[in-house]
Amino acid sequence: AKRVGFVGWRGMVGSVLMQRMQEESDFNGSFDAVFFSTSQAGQKGPDLGFDTGILQDAYDTKSLSSCDIIVTCQGGDYTKKVHPILRKEGWKGYWIDAASTLRMEKDSIIVLDPINMDVIKKGLSSGIKDYIGGNCTVSLMLMGIGGLFREDLVEWLTSMTYQAASGAGAKNMRELVSQMNHIGKKAEDLLADPAGSILELDRCVAKTIRSQDFPTDNFGAPLAGSLIPWIDRAVEDGQTREEWKGYAETNKILGRKDSPIPVDGICVRIGAMRSHSQALTIKLKKSISIKEAEDIIASSSGWTKLVANNKEDTLKELSPAAVSGTLTVATGRIRHLKMGKDYLTLFTVGDQLLWGAAEPVRRMLNIVIE
Ligand code: HSE
């Protein structure tokens, strides 16, 4: 049996990965699992309902290189530190990683198998060993509308995002709830009086979120009761790195290095917990009817769910509240824009920790194991 090393299984993405692997009975004896830790080597492995052994040292490259496959959710700094050493020492195993570090390397594939199984297969047969999960926004966009790319209908696309706190990390999710709690507490008395002045309530909330003791250490600004139109660091031409990834990663996932499709937009953090949403404007290469668009979009993946463009279905099914914790990527509000029948707009939402992070990595492991 192949030996599979897991690094970073305790963090947020790693925990979701472990949970999904248990749900799908991936630990079924078809490989030997070895668990590594950057800080607790020698202690007992995780409680996953089978003997997970003793934790190995995640910086011990001898021990790591005894694995045929390494799956890591430990983050980019770990990848930066350990991956080059392993490769330099001649390790030829498969490296499956959720972090962005290696995504744009020449010798890596960004994995999203419902969308780019052809690219993955080509990579495997040409001997590529590094398989990296994509940026959550990009992966969710492709899971939501991939059919339009498959039919080569997209001339260009802009994505305006509504990204959840989870994309920034576990501490940020806590901070969002703590901000909400803060607002709720300060406003409690005013809220209790239904006939109370709405402007007084609004003043109270505004004062709370601007106050010195409002918890903003992680986001650097209020998110609850507000939003943050900046994600990650600046790159060139006024873009943020999150926005830059839209073009770079979409085209790499689709294997379109030589004929890239323009993808750009503005990435915004909003007060959702773990599901990213995005509003897309799509310039089509030709006019198509809404029925055609819906059929193609519905066929994007086995997890894409078409939501009818009416209020009732939209409120019920097209939101972070509706899809969080599920593998469903919902796409709705599909209609032509006033600019013409070759302009489509729509809204799509999916769980940032599932298809946005852990699921493509989990599935890539299964692809390599088979
Ligand atoms: N960079 C994303 C975000 C998450 O901040 O929402 C990881 O892809």
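A residue is treated here as buried when its relative accessible area is under 20%, as exposed when that value is over 50%, and as partly exposed in between. In this predicted model, Gly5 has a relative accessibility of 0% and therefore counts as buried. Gly5 is part of strand β1, which comprises residues 2-7. Beyond its neighbours within four places in sequence, the contacts of Gly5 are with Val34, Phe36, Cys67, Ile69, Ile70 and Val71. The C-alpha atom of Gly5 is separated by 9.3 Å from that of Ser63, a residue 58 positions apart from Gly5 along the chain.

The ligand is surrounded by Asn135, Cys136, Gln163, Gly167, Ile231, Glu242, Arg269, His276 and Gln352. Polar atoms of the ligand lie opposite several of these side chains: an N or O atom in the side chain of Asn135 is 3.1 Å from a ligand oxygen atom, an N or O atom in the side chain of Glu242 is 2.8 Å from a ligand nitrogen atom, and a polar side-chain atom of Arg269 is 2.7 Å from a ligand oxygen atom. On its own the ligand has 260 Å² of accessible area, of which the protein covers 83%.

Two of the residues around the ligand, Gln163 and Arg269, are also listed by UniProt, in an unreviewed entry, under the feature "binding site". These two positions span 107 residues in sequence, but their C-alpha atoms are no more than 4.6 Å apart, so they gather at one spot. The lining of the largest pocket includes both Gln163 and Arg269.

Gln163 is placed in the loop between β8 (154-162) and α6 (170-192), and its relative accessibility of 1% means that it counts as buried. When residues up to four places away in sequence are not counted, Gln163 touches Thr137, Ile231, Glu242, Cys267, Val268, Arg269, Ile270 and His276. The side chain of Gln163 is also joined to that of Thr161 by a polar contact of 3.0 Å.

Arg269, in turn, occupies the loop between β9 (263-266) and β10 (275-284), and with a relative accessibility of 7% this residue is likewise classed as buried. Outside its neighbours within four places in sequence, Arg269 is in contact with Gln163, Ala164, Ala165, Gly167, Ala168, Phe219, Leu223, Leu227, Ile228, Ile231 and His276. A polar atom of the Arg269 side chain lies 2.8 Å from the backbone oxygen of Ala164. The side chain of Arg269 thus has polar atoms placed 2.8 Å from that backbone oxygen and 2.7 Å from an oxygen atom of the ligand.

A further set of positions carries the "binding site" feature in UniProt, again from an unreviewed entry, namely Arg10, Gly11, Met12, Val13, Thr38, Ser39, Gln74, Ser166 and Gly167. Because the farthest two C-alpha atoms in this set are 23.9 Å apart, the residues, which span 158 residues in sequence, do not all gather at one spot. The lining of the largest pocket nevertheless includes Gly11, Met12, Val13, Ser166 and Gly167, and Gly167 is also among the residues around the ligand.

Within this set, Met12 lies in helix α1 (residues 12-23), as does Val13. Met12 has a relative accessible area of 22% and is partly exposed, while Val13, at 21%, also counts as partly exposed. Leaving aside neighbours within four places in sequence, Met12 is in contact with Ser166, Gly169, Ala170, Met173 and Leu353, whereas the corresponding contacts of Val13 are Cys73, Ala98, Leu353, Ala357 and Ala358. Leu353 thus appears among the contacts of Met12 and among those of Val13.

Thr304 was also examined, and is located in strand β11 (residues 304-306). Its relative accessible area of 11% places Thr304 among buried residues. A polar atom of the Thr304 side chain lies 2.6 Å from the backbone oxygen of Met143, and the side chains of Thr304 and Ser301 make a polar contact of 2.8 Å. With residues up to four places away in sequence not counted, Thr304 touches Met143, Gly144, Ile297, Ala298, Val329 and Thr331. Met143 is thus one of the residues touched by Thr304, and its backbone oxygen lies 2.6 Å from a polar atom of the Thr304 side chain.

Methods: Residues are numbered from 1 along each chain as its sequence is written. This is a predicted model: local features need pLDDT of at least 70, side-chain atom pairs count only at pLDDT 80 or more; totals for chains, interfaces and linings use all residues. Side-chain values use heavy atoms; hydrogens and water are left out. UniProt positions are given in the numbering used here, feature names are shortened, and annotations may be inferred rather than shown by experiment. On a 1 Å grid over the protein atoms alone, a cavity is a set of points where a 1.4 Å probe fits but cannot get out, and a pocket is an open set with protein on both sides within 12 Å along at least five of seven lines; lining residues have an atom within 4 Å of a point. Helices (H or I, at least four residues) and strands (E, at least two) are DSSP runs, numbered from the N terminus. Buried means under 20% relative accessible area, exposed over 50%, partly exposed in between (1.4 Å probe, protein chains only). Contact means heavy atoms within 4.5 Å. A polar contact is a pair of N or O atoms within 3.5 Å; within protein, one must be able to donate a hydrogen and the other to accept it, and residues adjacent in sequence count only if both atoms are side-chain atoms. A residue is near a molecule or strand if one of its heavy atoms lies within 4 Å of it. Accessible areas come from the Shrake-Rupley method with a 1.4 Å probe; for residues, only the protein chains shown count as cover.
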